[in-house]
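Could you walk me through this structure, with an eye to its charges, its contacts and its backbone? Let us take the tour together, one residue at a time.

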Amino acid sequence: MIVGLGNIGPQYNGTRHNTGFMVVDEFAKQHGIELTTRKLDARYGTGIVNGEKVLVVKPTTFMNESGRAVHPLMDYFKIDLDDIFIVHDDMDLPVGHIRLRDHGSAGGHNGIKSIIAHVSSKDFKRLRVGTGHPEKMSVVDYVLTKFTTEQQPLFNQSADRAVAALDDWLSGTEFTQLMNKYN
């Protein structure tokens with residue numbers, strides 16, 4: 001199960017906080033997966049990628065309640081914690097960078113905090129996509145802005161790398177090797 005984090009609603013489309021949504025949308029597009037089913041506080045679709053059945057998910061909760069969608073979907077589809085991959089924005093990484101982790105704290109990210117609370121574990125895979133840090137505005141305002149004209153090509157490159165990392169994971173590449181390759 002690949003889950004992209006973001007906020008629902010047209011006012012959030014293309015914002016930094018919807019980086020997870022944008023990456024899973026690109027992944028789904030490249031693999032012909034349509035996210036048309038709405039159930040359990042999520043929009044999702046399934047497909048076969050590199051011989052693996054994949055569930056691609058966008059929670060329809062707001063970011064801070066992402067776990068409310070993730071845990072019920074894991075139960076409904078009988079998906080182990082080892083088989084989920086969360087894609088989300090990260091202000092501590094510069095635009096254009098990605099970082100993979102297989103466990104850890106929420107690092108201040110409320111969507112990850114919610115997932116940790118709902119699945120009762122910090123041991124799940126994450127793909128963090130850099131959005132850069134605000135210099136002259138509040139964090140709340142910053143994450144709800146779009147990438148600048150100069151940043152957009154860097155974000156597009158990081159989204160492509162993120163999709164490639166997901167593809168490699170689904171092809172069976174060990175997670176340590178993925179981290180060595182993409183971090």
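In which loop does D123 lie? D123 belongs to the loop between α3 (110-119) and β7 (125-130). Please keep in mind on this tour that the model is predicted. With a relative accessibility of 46%, D123 is classed as partly exposed, because that class covers values between 20% and 50%. D123 also has company of like charge: together with E52, D80, D82, D83 and D102, D123 forms a patch of negative charge on the surface.

From charges that gather, we can turn to charges that pair. Side chains of opposite charge can pair when their charged atoms come close. Here the count comes to 5 salt bridges. One of them joins D25 to K58, with 2.9 Å between the closest N and O atoms. This pair connects distant parts of the chain, since D25 sits in helix α1 (residues 19-30) and K58 in strand β4 (residues 52-59), 33 residues apart. The two partners fall into separate classes of accessibility: D25 is partly exposed at 33%, whereas K58 is buried at 9%.

Another salt bridge brings the side chains of K181 and D168 together, at 3.0 Å from N to O. Here K181 comes from helix α6 (residues 175-182) and D168 from helix α5 (residues 152-170), so the pair ties together parts that are 13 residues apart in sequence. K181 is exposed, with a relative accessibility of 54%, while D168 is buried at 19%. Why does D168 count as buried? Its relative accessible area is 19%, and the buried class takes in values under 20%.

There is also a network to look at: D41, E65 and R68 are joined into one by salt bridges that share partners. Within this network, the side chains of E65 and R68 meet at 3.9 Å, N to O, and the cut-off for a salt bridge is 4 Å. E65 is partly exposed, with a relative accessibility of 34%, and R68 is likewise partly exposed, at 37%. As for D41, this residue is found in the loop between β2 (37-39) and β3 (42-49), and D41 is partly exposed at 34%.

D41 leads us on to the backbone. Most residues other than glycine have a negative phi, and most peptide bonds are trans. What is the sign of phi at D41? D41 has a positive phi, of about 60°, although D41 is not a glycine. K78 also has a positive phi without being a glycine, in this case about 55°. K78 lies in the loop between α2 and β5, and K78 is exposed, with a relative accessible area of 72%.

Now for a nonpolar part of the surface. L40, Y76 and F77 make a nonpolar patch of about 250 Å². Of these residues, Y76 is located in helix α2 (residues 67-77), and Y76 counts as partly exposed, with a relative accessibility of 44%.

Let us now turn to some buried residues, beginning with N7. N7 lies in the loop between β1 (2-4) and α1, and is N7 buried or exposed? With a relative accessible area of 7%, N7 is buried. The side chain of N7 reaches the backbone nitrogen of M63, at a distance of 2.8 Å.

V129 is another residue to find, this time in strand β7. At 0% relative accessibility, V129 is buried. How far apart are the C-alpha atoms of V129 and T19? They are separated by 7.0 Å, although V129 and T19 are 110 residues apart along the chain.

Our last stop is V95, in the loop between β5 (85-90) and β6 (98-101). V95 counts as buried, with a relative accessibility of 11%. V95 and G111 are 16 residues apart in sequence, and their C-alpha atoms lie 19 Å apart in space.

Technical notes: Residues numbered from 1 in each chain as written. Predicted model: local features only at pLDDT ≥ 70, side-chain atom pairs only at ≥ 80, totals over all residues. Heavy atoms only, no water. Patch = residues over 30% accessible without salt bridge, like charges linked within 9 Å, V, L, I, M, F, W, Y side chains within 5 Å. Areas by Shrake-Rupley, 256 points an atom, 1.4 Å probe, with all protein chains shown as cover. Lys, Arg positive; Asp, Glu negative; His and termini not counted. Charge placed at Lys NZ, Arg CZ, Asp CG, Glu CD. Helix = DSSP H or I, 4+ residues; strand = E, 2+ residues; numbered from the N terminus. Buried < 20%, exposed > 50% of the residue type's maximum accessible area, 1.4 Å probe, protein only. Polar contact = N/O pair within 3.5 Å; in protein donor to acceptor, adjacent residues only side chain to side chain.
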